[in-house]
Amino acid sequence: QVQLVESGGGLVQAGGSLRLSCAASGSIFSINAMGWYRQAPGKQRELVAGITSGGVINYADSAKGRFTISSDNTKNTVYLQMNSLKPEDTAVYYCNAQLNIRGLSRYLEVWGQGTLVTVSS
C-alpha cells in the first residue's frame, strides 16, 4: 500500500517560519504531481501550492512571495517553506499526491493525515 507522511507543523508567532515535509512511500512507479492544501475551521480545503514532476509550480495568491514549494524526486518528498507567517495561515495542512501505480490505468490520488500549523498574534 502507499501512504503520505507529513511533518513540520507546530505553533509559531506571526512573522515566523515553518518548513513542512511530505514523503510518499510504497509501491510507486512514478509521481505525477504533489502539493499542499490547507483547511481552516469552517472553511473549505484549498490549494496552497503544487508542483508537477516536470517542475511546473502553482501557488495560491495568498502564498505568493511568502511560501516556496520544492521537491526531491529521489526521495519522493515535497517541502513547503513558509515565511512571514500570519494568523490567517492557521490551518491543518494536507499533503496530496497523484501517483502512477503499476497495473493501474489512471493515477491514484492519495492524501496525508494532515499537520496542524498555528500562527499566534
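Strands S7 and S8, which like the other strands here are DSSP runs of E of at least two residues numbered from the N terminus, form a hairpin with 4 residues between them, and Asn76 in the turn has a positive phi of about 50 degrees. The two strands run antiparallel and are joined by 6 bridges, where pairing requires that DSSP find at least two bridges between two strands. Within this arrangement, Ile69 stands opposite Leu80 in S8. The structure is a predicted model, in which local features need pLDDT of at least 70 and side-chain atom pairs count only at pLDDT 80 or more, while totals for chains, interfaces and linings use all residues. Residues are numbered from 1 along each chain as its sequence is written, and side-chain values use heavy atoms, with hydrogens and water left out.

Leu80 also belongs to the largest nonpolar core, a term that denotes a set of buried Ala, Val, Leu, Ile, Met, Phe, Trp, Tyr and Cys residues joined through side-chain atoms within 4.5 Å. This core has 30 residues, and those with the most contacts inside it are Met34, Trp36, Leu80, Met82 and Tyr93. At least two residues of the core are supplied by each of S3, S4 (30–39), S5 (46–52), S7 (67–72), S8 (77–82), S9 and S11 (115–120), and S9 gives the most, with 5 residues. In soluble globular proteins, nonpolar side chains tend to be buried together.

Met34 lies in strand S4 and is buried, with a relative accessible area of 7%, the term buried meaning under 20% relative accessible area with a 1.4 Å probe and protein chains only. Leaving aside neighbours within four places in sequence, Met34 is in contact (heavy atoms within 4.5 Å) with residues including Leu4, Ala24, Ile69, Asn76 and Val78, as well as both Cys22 and Cys95. Ile51, another of the contacts of Met34, is 17 residues from Met34 in sequence and 5.6 Å away in space, C-alpha to C-alpha. For Met82, with the neighbours within four places likewise left aside, the contacts include Leu18, Leu20, Phe67, Tyr93 and Val117.

The count of disulfides, each a pair of cysteine sulfur atoms within 2.5 Å, comes to 1. This disulfide is formed by Cys22 and Cys95, whose sulfur atoms are 2.0 Å apart. Cys22 lies in S3 (residues 18–25) and Cys95 in S9 (residues 91–100), so the pair ties together parts that are 73 residues apart in sequence. Both cysteines are buried, and the torsion about the S-S bond is about -85 degrees, so the disulfide is left-handed.

Key. Buried means under 20% relative accessible area, exposed over 50%, partly exposed in between (1.4 Å probe, protein chains only).
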